[in-house]
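Here is a friendly walk through one protein chain, from its overall layout to a few individual residues. Please keep the sequence and the model in view as you read.

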Amino acid sequence: MNRALSRTMRGAMSGALSGRGWSGRALSGKARSVGLVVATVLTTALTIWLSLGLYDQHDREQRRQDILAAARQSALNFTSLDYRHYDRDSANVLEGATGDFKKQFAAQTEQLTKLVAANKSVSEGQVLDAGIVRSDAHSARVLVVADSKVTNTAAPKGEARTYRLQLDLVRRDGHWLTSDVEFVG
């Protein structure tokens, strides 16, 4: 074999094996490009995953706040009644109610109106605390502690009462409504 040809072949083989040749540089550039694409895809996926987690956390916190606000308002409406405008007060209770609770309260409104008027009852409620026992996207159970000062013909100077209520709420048309109220403890 020709000496010059032999040297050229050896040089080409040596360069190819060591990665210094043309093909080695091309392979190195491709590897970098693939690495950058993989890093970009992973970074994008991680960003999306973290964003969805943050959105989900915000959504849960907003739902929690909405549930507590609805339960507090319902308990306040339920414990704040005045014989002088009982129609308005009972309408407030019914506005935040649904299901069996709404039916039962509505059925008793006429009788309660007479009883409250005869006793000249006034109850000024105040919610002290509320906590969610359980909740999901469509329902919740909340415990509420409320105080009220009740005046009537039997207690003209007023009498303090404490209520511990368990409220079941359901989400209807974007609003949390009370579906059941129980006195507990």
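Helices (H or I, at least four residues) and strands (E, at least two) are taken here as DSSP runs, numbered from the N terminus. With that in hand, T98 can be placed in the loop between helix 3 and helix 4. The model is predicted, so local features need pLDDT of at least 70 and side-chain atom pairs count only at pLDDT 80 or more, while totals for chains, interfaces and linings use all residues. Residues are numbered from 1 along each chain as its sequence is written, and side-chain values use heavy atoms, with hydrogens and water left out.

**Overall layout**

The chain holds four helices and five strands, arranged along the sequence as α-α-β-α-α-β-β-β-β. Of its 185 residues, 26% count as buried, where buried means under 20% relative accessible area, exposed over 50% and partly exposed in between (1.4 Å probe, protein chains only). Taking a contact as heavy atoms within 4.5 Å, residues 24 or more positions apart make up 52% of the contacts with a separation of 6 or more.

**The sheet**

The five strands build an open sheet in the order 1-2-3-4-5, with antiparallel pairing; two strands pair if DSSP finds at least two bridges between them. Strand 1 (81–82) and strand 5 are the edges, each pairing on one side only. Two of the pairings look like this:

| Strands | Bridges | Direction | One bridge pair |
|---|---|---|---|
| strand 3 and strand 4 | 12 bridges | antiparallel | L143 with Q166 |
| strand 4 and strand 5 | eight bridges | antiparallel | L165 with F183 |

The hairpin of strand 4 and strand 5 has two residues between the strands, and D173 in this hairpin adopts a positive phi near 50°.

In strand 2 we find R134, which is partly exposed at a relative accessible area of 41%. Beyond four places in sequence, R134 touches S139, A140, R141 and D168. The C-alpha atoms of R134 and D168 lie 9.7 Å from each other, although the two are 34 residues apart along the chain.

**Helix 4 and the loop before it**

Helix 4 packs on the sheet by touching strand 1 and strand 5, and its direction makes about 65° with that of strand 5 (axes are lines fitted to C-alpha atoms, for helices over the stretch in contact, and angles run from 0 to 180 degrees between N-to-C directions). Its 21 residues reach 29 Å from first C-alpha to last, close to the 30 Å expected at 1.5 Å a residue; that expected span is 1.5 Å times one less than the number of residues. A kink of about 50° in helix 4 is centred on T109, the bend being the angle between axes fitted to the seven residues ending at a residue and the seven starting there. T109 is also one of the buried residues of helix 4, alongside F101, F105 and V116. After helix 4 comes K120, with a positive phi near 50°.

Back in the loop, is T98 buried or exposed? T98 is buried, with a relative accessible area of 13%. Leaving aside neighbours within four places, its contacts are V170, R172, L177, T178 and S179.

**The nonpolar core**

A nonpolar core is a set of buried Ala, Val, Leu, Ile, Met, Phe, Trp, Tyr and Cys residues joined through side-chain atoms within 4.5 Å. The largest one has 25 residues, and V142, V144, L165, L167, L169 and W176 touch the most other members. Helix 2 (22–79) gives the largest share, five residues.
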